[in-house]
Amino acid sequence: MQSEKDKMLAGQPYVATDPELVAARMRAKSLCHRFNLADPTDLPARMALLQDLLELAGDAHIEPNFFCDYGFNIRIGENFYSNHNLTILDVCLVEIGANVLFGPGVMLSAATHPLDPVERLTTESGAPIRIGDSVWLGGNVAVLPGVTIGDNCVIGAGSVVNRDIPANSLAVGNPCRVVRGV
């Protein structure tokens with residue numbers, strides 16, 4: 001029988017109140033809290049907290065505040081920068097490529113809930129998010145479950161990305177649409 005964590009990682013409906021998942025979320029929230037309160041000039045201490053929480057391929061700079069659900073489902077490539085107030089709901093894998101920039105207030109949500117109100121009381125699910133190399137997400141961009149953003153894309157501020165964006169695209173809006181190549 002699959003654990004609730006296994007179901008979650010597979011994108012299947014799962015029970016978020018499972019004790020193993022609650023403990024994992026509390027660990028992540030504690031590390032995020034410590035990171036957000038850390039001295040901003042003590043980069044080694046801040047990086048140590050991130051290394052304990054996320055899978056980082058190289059250097060990364062995340063401005064506080066940073067929030068995530070689990071951390072263990074987040075993989076970040078080299079030379080990553082995020083401005084303030086990054087939120088990643090990582091119930092499934094969230095992969096971020098190298099040389100990626102995020103404006104303030106970016107939200108990546110791999111989490112979703114059933115449309116049926118009865119099911120919604122007890123279960124949730126998710127789908128992976130993939131962001132390619134050399135991508136720039138403007139301020140207050142929301143990326144929804146199951147979305148892939150190709151290499152070299154620019155996503156305009158305030159966009160809600162609810163479908164895949166092909167490589168080398170400038171995309172904007174709610175819902176986000178490709179307006180031209182870059």
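Helix axes here are lines fitted to C-alpha atoms over the stretch in contact, with angles running from 0 to 180 degrees between N-to-C directions. With that in hand, the predicted model can be walked through piece by piece, starting with a pair of helices.

Helix H2, residues 19–37, packs against helix H3, residues 43–53, at an angle of about 165 degrees, and their axes lie 9 Å apart. Since angles over 145 degrees count as roughly antiparallel, H2 is roughly antiparallel to H3. The crossing of H2 past H3 is left-handed. On the H2 side, the contact is made by Arg27, Ala28, Leu31, Cys32, Arg34 and Phe35, and these meet Arg46, Leu49, Leu50, Asp52 and Leu53 of H3. Sorted by character, the residues of this contact come out as seven nonpolar and four charged, with no polar ones.

Next come the sheets. One is an open sheet of seven strands, and its order is S2-S5-S8-S13-S16-S18-S19, with mixed pairing. At its edges sit strand S2 (60–62) and S19, each of which pairs on one side only. Strands of a sheet pair through backbone hydrogen bonds, either parallel or antiparallel. Starting from the S2 edge, S2 runs parallel to strand S5 (residues 80–82), and three bridges join the two. Within that pairing, His61 has Tyr81 in S5 as its bridge partner.

Toward the other edge, strand S16 (residues 154–155) and strand S18 (residues 169–172) are also parallel, joined by two bridges. Here Ile155 is partnered by Ala171 of S18. The sense then switches: S18 pairs with strand S19 (residues 177–181) in the antiparallel sense, over four bridges. Two of the residue pairs can be named: Leu170 has Arg180 in S19 as its bridge partner, while Val172 is partnered by Arg177 in S19. S18 and S19 form a hairpin with four residues between the strands, and in this hairpin Gly173 takes a positive phi near 105 degrees.

A further open sheet is built from five strands in the order S3-S6-S9-S14-S17, and its pairing is parallel. Its edge strands are strand S3 (66–68) and strand S17 (160–161), each pairing on one side only. From the S3 edge inward, three bridges tie S3 to strand S6 (residues 86–89), and the two run parallel. Phe66 stands opposite Leu86 of S6. As a rule, in a regular strand the side chains alternate between the two faces of the sheet.

That leaves a loop worth a look. Thr123 lies between helix H4 (117–120) and strand S11 (125–126), in the loop that links them. Is Thr123 buried or exposed? The cut-off for buried is under 20% relative accessible area, and Thr123 has 19%, so Thr123 counts as buried. Which residues does Thr123 touch, leaving aside its neighbours within four places in sequence? The contacts are Pro13, Tyr14 and Val15, together with His113 and Pro114.

How values were computed: Residues are numbered from 1 along each chain as its sequence is written. This is a predicted model: local features need pLDDT of at least 70, side-chain atom pairs count only at pLDDT 80 or more; totals for chains, interfaces and linings use all residues. Side-chain values use heavy atoms; hydrogens and water are left out. Angles under 35 degrees count as roughly parallel, over 145 as roughly antiparallel, 65 to 115 as roughly perpendicular and the rest as oblique. A crossing is left-handed if the near helix is turned anticlockwise from the far one by less than a right angle, and right-handed if clockwise. Contact means heavy atoms within 4.5 Å. Ala, Val, Leu, Ile, Met, Phe, Trp, Tyr, Cys and Pro count as nonpolar, Asp, Glu, Lys and Arg as charged, and the others, Gly among them, as polar. Two strands pair if DSSP finds at least two bridges between them. Buried means under 20% relative accessible area, exposed over 50%, partly exposed in between (1.4 Å probe, protein chains only).
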